[in-house]
Amino acid sequence: MLEFIDSQLAHWPLARDNYQALGRSERRSIQLGDLTVGIQHNPARIVSTAAKTDAKSIAERPCFLCSKNRPPLQVGIEITEGWELLLNPYPIFPTHFTIVCKTHAPQEGFPLDMVCMSEKLPGHTVFFNGKHAGASCPDHLHCQAVKTHELPLMRLIENKHTLKYGRKATPDTLCLDTPFAFVSLIITPDLEGMSELAGIESTIGTEYIKHGRFNAFVWIDSGGLLRICIVRRAAHRPSCYGSEVGQHLISPGCIDMAGVLITPLKKDYDTLTEEEVRSIYKECSVKLF
Ligand SMILES: [Zn+2]
């Protein structure tokens, strides 16, 4: 995988420039109960944060995840049948992949192929933004992957959710103080684990699946166990969304919900308060799972 990244950075100036710029991005952190939240100032991410995701705008632009419309210098490698791994040219972390379905299909359901992807990418978390939960390209089925240790929520879950709490846990059952609810699953390699995986859509909830209001994370933990975390969403974007005075250009997807809030605008990076971050999480999520 390192060879693939190096080769893309050597041959693709847009990606090289953005990965170099990432090294200069500012970051600060705030503590919200048990979750340490990083705030990252990342100007290049404005393409995603400010993406118009209404049906009319989507219909009027060429799909940037279809192979025929991708930049000629962006190379894809098949990671599992029907899915191609690409280097994300607008990174949030030094390793940031987009994993796209080879056919143009809408961002719907819960792709069970994420399990295969996570097995192919040890040390990484594969994640999926429902179409009303932060996805900036809701018309083309895709996932992303970053290193698991970059995501505060995944670190917290691995530390606190052990099998003594059962295969399924929530912040309440783990006695955790987090600004939003989630469900954490340990998918053991046995019949119970497999039936938990088969029933994942009912765990997420029919309405949340139907409307694409969830963020899903799948990874193999440091002990080799398969883990899934689901965050249900109440809103695609917070009511403060915008670039005017008093507003914040923040469009939370999986990485934001996992504890790294992306602010393309410096003013948001500089001024966001703990109270505002709590309120953004509160509006975008559900309180109980
Ligand atoms: Zn497409």
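Begin with the second largest pocket of this predicted model, where about 380 Å³ of space lies. To find its centre, select T178, P179, F180, A181 and K287, which are the closest to that point among the 18 residues that line the second largest pocket. If you then colour the lining of the second largest pocket by residue class, it divides into eight nonpolar, four polar and six charged residues.

Move next to the largest pocket, whose volume is about 620 Å³. Its lining is made up of 34 residues, and selecting R45, S48, F64, N88 and S136 brings you to those that lie nearest its centre. To see which elements give two or more residues to the lining of the largest pocket, show helix α3 (46-49), strands β6 (124-129) and β7 (142-147), and helix α10 (254-257). Coloured by class, the lining of the largest pocket separates into 17 nonpolar, 13 polar and four charged residues.

Finish at helices α1 and α2, selecting residues 2-11 for the former and residues 13-22 for the latter; their axes come within 5 Å and cross at roughly 105°. Because angles of 65 to 115 degrees count as roughly perpendicular, this crossing makes α1 roughly perpendicular to α2. To display the contact itself, select L9, A10 and H11 on α1 together with P13, A15, R16 and Y19 on α2. Within this contact of α1 with α2, five residues are nonpolar, one is polar and one is charged.

Technical notes: Residues are numbered from 1 along each chain as its sequence is written. This is a predicted model: local features need pLDDT of at least 70, side-chain atom pairs count only at pLDDT 80 or more; totals for chains, interfaces and linings use all residues. Side-chain values use heavy atoms; hydrogens and water are left out. Axes are lines fitted to C-alpha atoms, for helices over the stretch in contact, and angles run from 0 to 180 degrees between N-to-C directions. Helices (H or I, at least four residues) and strands (E, at least two) are DSSP runs, numbered from the N terminus. Angles under 35 degrees count as roughly parallel, over 145 as roughly antiparallel, 65 to 115 as roughly perpendicular and the rest as oblique. Contact means heavy atoms within 4.5 Å. Ala, Val, Leu, Ile, Met, Phe, Trp, Tyr, Cys and Pro count as nonpolar, Asp, Glu, Lys and Arg as charged, and the others, Gly among them, as polar. On a 1 Å grid over the protein atoms alone, a cavity is a set of points where a 1.4 Å probe fits but cannot get out, and a pocket is an open set with protein on both sides within 12 Å along at least five of seven lines; lining residues have an atom within 4 Å of a point. Grid points are joined across faces, edges and corners, and a volume is the space filled by probe spheres set on the points.
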